[in-house]
Amino acid sequence: MRLETDITKFLPDGEARQRLALSGLVKATGFSRGLVIDVALPDRLQGDLGADAAAALVDGLASDLTASGLFTSVRSGTETAMTADFQRLYFPRRLAFLSDAPTTQIPRLFSPEGLAAALGRLKDALMLPSAPLLKRLATADPVLSFTDLLQRIQDGAAKLAPRQHAGHWFSADGRHAMVLTETAAPAFDTDAQRAAIAAVRERFAARDAEAGGGFTLAFTGLGRFVVESEGRAKADIAFASTAATIASVLLFLAFFRRLRFLVLAFIPVTLGVAVAVGVLAGWKGSIHGLTLGFGGVLIGAGMDYPIHLLNGLRAPPDMAPGAEARAARAMRRNLWAGVLSSVAGFLILALSDYPGIREIAAFCIIGMLSTFAFTTLFLPPLRPWLAPRTGQRPPPASRLPIERALAALARHRTALLIGMAVLALASAAALPSLRLEDDARALDAGAPATLAEDATVRSHLPTSAFPRVILASGADLQEALARNDAVAADLAARKAAGTGPDFAGLHPFLPAAALQSENLAALAALPDPAVAVRSALATAGFKPERFQPFFDALADAREGRVAPLVPSDLKGTALGGILDGFTFDQGGRSWVLTLAGPEVAPGDLDGLARDDGTVLLLDPRALVSSLVTSSQRQTLWLVVAGILANVLLIAALRRRPRLALATLAPTLLTLLIVTGGIAALGVPLNFLHLVSLLLILCTGTDLGMFLLDEDAGAAGGAGAAPTVLLSAATTAVSFGILAFCQTSALASVGVTVGVGSVLLGVLTFATRAVAHGGRHAGS
Amino acid sequence: MTLLACLASPAMAAEVPAAPAVPLSQPCDKVPGLVQAFAEVSTLRAAFTDSKDIAILDAPLVSKGHVYYQRPDRLHLATETPSRQSVTLVGTRVRVVQEDLGREQAMDLGVSDVAKAVVANILLVLGGRIDALSALYRCTAEPDRDAWRMTLVPLREPMTKVVRQMQVRLARDGTLREVRVEELDGDASTMSFTATVTNRPFTDQEVRSYFTP
């Protein structure tokens, strides 16, 4: 069985989730496919000297990591071959990249006015200090097509490249050397990710020592979060289940001081949880950490069945005619009511859009039904063995002054009713301020130190300025590239108009072959442009005879000797990584991405996405948050439906409205107070709070059924008080323990159910006092 | 990868002849008073006239404007005629604004050793860093009219692949008069300085205006 820790697995299915999966394939930012390593320079090293030392360190580190076999790619700067490859691939094709609108712009460029303007630009450029470099190209490219192409690329994809020093990537302030790695194993292979992280730490320590010390390592990446999240989940599960078990054992022994009862109470629960784990593992092959954390403490809630049944089996028989049979029927009815109300609640919750909620619901249903089955099948045959022995001291629970306490409470019946009414009104008044959680990070926030490190490393990379992703897809890569060209044109128009964000993408680097062919065709359609160029050169003060390389290039382009650049040309070259970072295949389609900056105005990219899904706009962080909130309202209604189902079930079982009301009142009041409390404290309600409310409902129904049942003989009504008290206490403690978990979602469940269970116990006894005073059924 | 990296690529380099012989003269550090006169400059303001003699052009390309330098690595070169354009350098970050064409581009010199070396040498000359120049060039000097003429012949790549020699003319008080750069392909540029003011601190407003990359 595999333990899942990805919080996004809890998010709803559907189109948005598919988009999230797509965003996970975005490689250009470097965070989803490996680790981004940041080596900070010590203060003692400044300027080029410091940068050189950092470059030497990261070279060594990169070499070590590559040799470890744990990484498929370790890059600390632009490959030296990249410039040469770029020249080799692009310079001969520069005229195929002339324009995004070749049919109109190329004739304009080669008109007398266009050429005069282009040559004027060349002269201006030759006046700059970069002239010695530029003039090397001038005779082969007087219209500066290659320079413009480079500029477009620099304005596009190259904006995502970090600052460089001696071929190495650095942060903008030059104080952090950056290394982008790609791990051999996927991010969710925690063992491999753990090994990769250990290798980074260990090899950095060695290289830092070699370099004289003082360098600081920071790194981030999905793999790190997954490893830490799994660590937290495992620690939480181990802690919660162990602590819940110990607490339940201690409480049980404190109440009953009978070891054999303890064993008998735990066997059904342990088997129930084991069956739930087994079924889910066999069905899905994996269980989410939150489900196990939640299910691990279900042991406390599941103990209710064996506790109540044991209490009933041990109760002294009532000598009145038919009383024993009546008590047995009442016990069965109450146990069935308990399990049916729980199953009904969780069955309704299983309709949730959240796969994680469905998993928890399935776990709870299977666990509770199994526990119930084991309890009712195995415990009754043991009744002769369970009866109190002669001379045996009564358990401590029987000495609890419950009847006196109930009688005392009953004397203040009016005050109790007023108190409960005030609590209900105050809680109801707080409800309008209730808000739903909209931040996925609240469910499983990483360790603060890791989050801070992540933010620091991200801020050192230019990709942090481009949080949004636009994906263009096609049946093949050329179709996707063509759509990406249209996206780039649209974005450029918006940016030029000041209504769109900055963006960076593949378009200037690799437009569709069709667009390149259009450029070449537009050149071929010109009536002998060489004549116009010669004339323009002479007019502008250039020596036309020096420009033969350009006339040759023009002839090659016009006569079909220039082939468009296609993706396969880039494969295996130093430029292949750029193509790889901006494209991927998913769902039988090819995808090309463009990164966009933050909103310059609300809806600045409206209309860019296409209804047919061929162009998608993603904001991964907002997407996760929208997914978190998208179905919470639905889950809220499902919980309300679960409450209604329980109300109807209890009403049907109780038959008498007053008794049904008394049975349900403590639970409904507890739900109201807990929800009002969450609202009053300003805590956003997440879907796990909602599950918790349902759990309180199930527990409350159990308590009410037993404590307010006057037909159950010595094990019902006030006679059930010790076991009701034990049930409430085990539930409160078991779930309260979750409040100390590291996983935020589990902690929120712990607080909610822990507080809810305590309230439930108090209110159930208060209701009992209000409804029946301290009277025992038989008294 | 950036513009400069590609422009400076060896693949683009023209076939060039070997470095020429250097005229006999005294090493810079042996010329009495030169080091003291060409002292370190913390700031510099000057008007310039730049004449570029390029083989592909019928006539020299002449431009005029102002230069502003702040030690150690800030430079603002504003060309005013025949067209308005400026180059701003801070560290390795460069911004080029061609006002008449409405174009602007930013780049990082870190990607190109050649571009970085060219700019570093300009800064060393403007800053009067004869000590640093002597490490990179064979520096000789001889008396010239009212002052000195320094000749700098590059000793190391990448400058040996681009520049044949630089000649720096100084006034007797060490004020920079002219820098002539002769390239290996025979092209040359001569930048003359007038109205030179050195070591007058820039105001905050001037710093923002001239040195924001």
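In this predicted model, β4(B) and β5(B) make a hairpin, with 3 residues between them. Strand β5 (residues 85–90) of chain B pairs with β4(B) in the antiparallel sense, over 6 bridges. One of the pairings puts H76(B) together with T88(B), its bridge partner in β5(B). On its other flank, H76(B) stands opposite Y68(B), so to speak, with H76(B) itself in β4(B).

That brings in the preceding strand. Strand β3 (residues 61–70) of chain B runs antiparallel to strand β4 (residues 74–81) of chain B, and 7 bridges join the two. Besides Y68(B), there is Y69(B), whose bridge partner in β4(B) is L75(B). β3(B) and β4(B) are also joined by a hairpin, again through a short run whose length is 3 residues. The loop between β3 and β4 of chain B is where P72(B) sits, and the peptide bond leading into P72(B) from R71(B) is cis, with omega near 5°.

These hairpins belong to a bigger arrangement. An open sheet of 12 strands runs in the order β1-β8-β9-β10-β11-β12-β2-β3-β4-β5-β6-β7 (chain B), with antiparallel pairing. At its edges stand β1 (26–27) and β7 (103–108) of chain B, each with a single partner strand, so one side of each is left without a neighbour in the sheet. Counting helices as well, chain B has 5 helices and 12 strands. Of its 213 residues, 54% count as buried. As for how chain B is wired up, take the contacts between residues at least 6 apart in sequence: 46% of them join residues at least 24 apart.

Chain B has a further cis peptide bond to look at, joining E157(B) and P158(B), with omega at about 5°. P158(B) is found in the loop between β9 (147–154) and β10 (163–170) of chain B. Another loop, between β12 (188–198) and α5 (204–210) of chain B, holds N199(B). N199(B) is a residue other than glycine, yet its phi is positive, near 55°. It is partly exposed, with a relative accessible area of 40%.

Chain A has a positive phi of its own to show. L144(A) is not a glycine either, but its phi is about 60°. L144(A) belongs to the loop between α6 (131–138) and α7 (145–155) of chain A. Here the residue is buried, with a relative accessible area of just 4%.

Next comes the interface. In all, 47 residues of chain B are in contact with 42 residues of chain A. Together the two chains bury about 4,000 Å², and 63% of that lies on carbon and sulfur atoms. There are also 4 salt bridges between chain B and chain A. One pairs D148(A) with R103(B), whose closest N and O atoms are 3.1 Å apart.

Turning to the nonpolar interior, the largest core has 81 residues. The residues with the most contacts inside it are F252(A), L310(A), F346(A), L349(A), L688(A) and V691(A). Helix α29 (residues 687–707) of chain A gives the most to this core, contributing 13 residues. F346(A) is a handy place to look in: leaving aside neighbours within four places in sequence, it is in contact with A361(A), C364(A), I365(A), M368(A), V691(A), L694(A), L695(A) and C698(A). A second, separate core has 75 residues, and it includes L119(A) and L616(A) along with I56(B) and L61(B).

Elsewhere in chain A, K495(A) is located in helix α20 (residues 477–496). This lysine is partly exposed, with a relative accessible area of 38%. K495(A) and D604(A) are 109 residues apart along the chain, while their C-alpha atoms are separated by 9.7 Å.

Finally, a word on confidence. Chain A averages a pLDDT of 82, and 85% of the residues score at least 70. Among the elements of chain A, the highest mean pLDDT, 96, goes to helix α21 (residues 513–524), and the lowest, 53, to helix α1 (residues 15–24). Over residues 774–779 of chain A the pLDDT stays under 50; for that stretch the model has 15 contacts beyond four places in sequence.

Definitions and conventions. Residues numbered from 1 in each chain as written. Chains lettered and ligands numbered in written order. Predicted model: local features only at pLDDT ≥ 70, side-chain atom pairs only at ≥ 80, totals over all residues. Heavy atoms only, no water. pLDDT = per-residue confidence, 0-100. Helix = DSSP H or I, 4+ residues; strand = E, 2+ residues; numbered from the N terminus. Contact = heavy atoms within 4.5 Å. Core = buried A, V, L, I, M, F, W, Y, C linked by side-chain atoms within 4.5 Å. Buried < 20%, exposed > 50% of the residue type's maximum accessible area, 1.4 Å probe, protein only. Pairing = 2+ DSSP bridges. Buried area = accessible area lost by both parts, 1.4 Å probe. Salt bridge = Lys/Arg side-chain N within 4 Å of Asp/Glu carboxyl O.
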